[in-house]
Amino acid sequence: MTNEPTPTVYLRTPLGCIHHADSLDVMKETGKESVDLIVTSPPFALTRKKDYGNEQEDAYLEWFADFAQQFHRILKEDGSLVIDLGGAWRPGLPVRSLYHFKLLILLCEKYGFHLAQEFYWWNPSKLPSPAEWVNIRRIRVKDAVNTIWWLSRTPWPRASNRRVLQPYSDSMKTLLANGYKAKLRPSGHDISEKFAIDNGASIPPNLIAIPNTESNSSYMRYCKENGLTAHPARFPAALPEYFIRMLTDPGDMVFDPFGGSCVTGEVAERLDRKWVCAELIESYLQGAKGRFETAAEPSNPRASKKDDDGYYRIAHPSLLWNGGDERDSAPLPKDGGRHRPEHLRGEKDEMKREDGDGDRQAPGPATRVAMSI
Ligand SMILES: C[S@@+](CC[C@H](N)C(=O)[O-])C[C@H]1O[C@@H](n2cnc3c(N)ncnc32)[C@H](O)[C@@H]1O
């Protein structure tokens, strides 16, 4: 891949360029095996026109086929493809679309990718949605993770977890301070003395916690000052950054075919990687420009906010369980929540106005319900 100017180049920076174009066209002009990492968040909007799921899923997979072929062609043999996909509810029903799982299977079984590892991005600030199932009928829980498929052309993509280490937890620090006795765990896991060696940091799990709450970034300020609407479905910079650090070296080529506001380009530029983004809609690129007009912002939350220690807590699932008091043991709704509870009948049905991916919608009445309980 080259970031040389073509008629579709919208913006050029020292290390990269944004194409205002269909990324399929950009990829057709791109050399075979020229990209080290494709990291992206493709669009997925469940339309409200149809009230059945499979056809939409099939249409999505069909739409994705050309991209899959091009991704495989332009990726270097030791490169990686990282796809962030939010889940979706099937319209009008408290059941989930399978599209992201189907896409994963298609990419592996039809297009020859390997699943290097699946990741889950937990957004601790995610609001409960859809309100009708979660807040009103209380038959589902909050959907707060996106799947991230890390795929590769061979089972051996270049990678190092040393680039994404985390600080030791307090319990690990205590263990290191007090020493650890090697023993066989009840699971049969043989924990050797090596676990007591202080390596300075710990290897992270495949669960990544990042709140998607950007409100005062230089990008947001640039959009506001220039009367531009911010892209409605951005991922946080820390997300592409994690994979760019782990899967590429400085000077490598990073490509985002669904560039949006070009978060990927901003991060790649800051990390000294070459990059290319493509985006169809020009108004998103007007805001993206702002990312390259101001100094890069720190990606470490502790560097930007003094009161942020970078940790997000999640409760043990039994913390409020009292073993069968009145609240715990109220009988389950016999109809599985098909009908609203008696005292809520007659109120506006939230499913008539919301379905699909709650994360990509502006807060509305559903959000207010969510916040009021
Ligand atoms: C989920 S958004 C990506 C947002 C981006 N990660 C960010 O943080 O700003 C998906 C984007 O893909 C763009 N898109 C859809 N099809 C495209 C195509 N064929 N070529 C280029 N961009 C496309 C959409 O316009 C949308 O802005």
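**Architecture, core and ligand shell of the predicted model**

The protein comprises 12 helices and 11 strands, helices (H or I, at least four residues) and strands (E, at least two) being DSSP runs numbered from the N terminus. The structure is a predicted model, in which local features need pLDDT of at least 70 and side-chain atom pairs count only at pLDDT 80 or more, whereas totals for chains, interfaces and linings use all residues. Residues are numbered from 1 along each chain as its sequence is written. The average pLDDT, the predictor's confidence in each residue from 0 to 100, is 85, and 83% of the residues score at least 70. Over residues 48-52 the pLDDT is below 50. It also stays under 50 over residues 354-373. Where pLDDT is low, the predicted coordinates should not be read in detail.

Of the 373 residues, 32% are buried; a residue is buried if 20 or more other C-beta atoms, placed from the backbone, lie within 10 Å of its own, exposed if 12 or fewer, and partly exposed in between. Contacts are defined by C-beta atoms, placed from the backbone, within 7 Å. Among contacts between residues at least 6 apart in sequence, 75% join residues at least 24 apart.

The largest nonpolar core (buried Ala, Val, Leu, Ile, Met, Phe, Trp, Tyr and Cys residues joined through C-beta atoms within 7 Å) contains 56 residues. Val-35, Leu-37, Ile-38, Leu-81, Val-82, Ile-244 and Val-254 touch the most other members. Beyond four places in sequence, Ile-38 touches Phe-71, Leu-75, Leu-81, Val-82, Phe-255 and Pro-257.

In helix 3 (residues 99-109), Tyr-99, His-100, Leu-103 and Leu-107 are buried. These residues lie on the same side of helix 3 because they cover an arc of only 95° around the axis, taken over the directions from the helix axis to the C-beta atoms. Exposed residues Ile-105 and Glu-109 occupy the face turned away from the buried side.

His-72 belongs to helix 2 (residues 54-74) and counts as partly exposed because it has 18 C-beta neighbours inside 10 Å. Beyond four places in sequence, His-72 contacts Tyr-111, Gly-112, Phe-113 and Arg-153.

The ligand is surrounded by 18 residues, each with its C-beta atom, placed from the backbone, within 6 Å. Ser-23, Arg-234, Phe-258, Gly-260 and Ser-261 come nearest. Helix 1 (23-28) and strand 11 (274-279) are the elements that give two or more residues to this shell. Its composition is 10 nonpolar, 5 polar and 3 charged residues, where Ala, Val, Leu, Ile, Met, Phe, Trp, Tyr, Cys and Pro count as nonpolar, Asp, Glu, Lys and Arg as charged, and the others, Gly among them, as polar.

Technical notes: Two residues are in contact if their C-beta atoms, placed from the backbone, lie within 7 Å.
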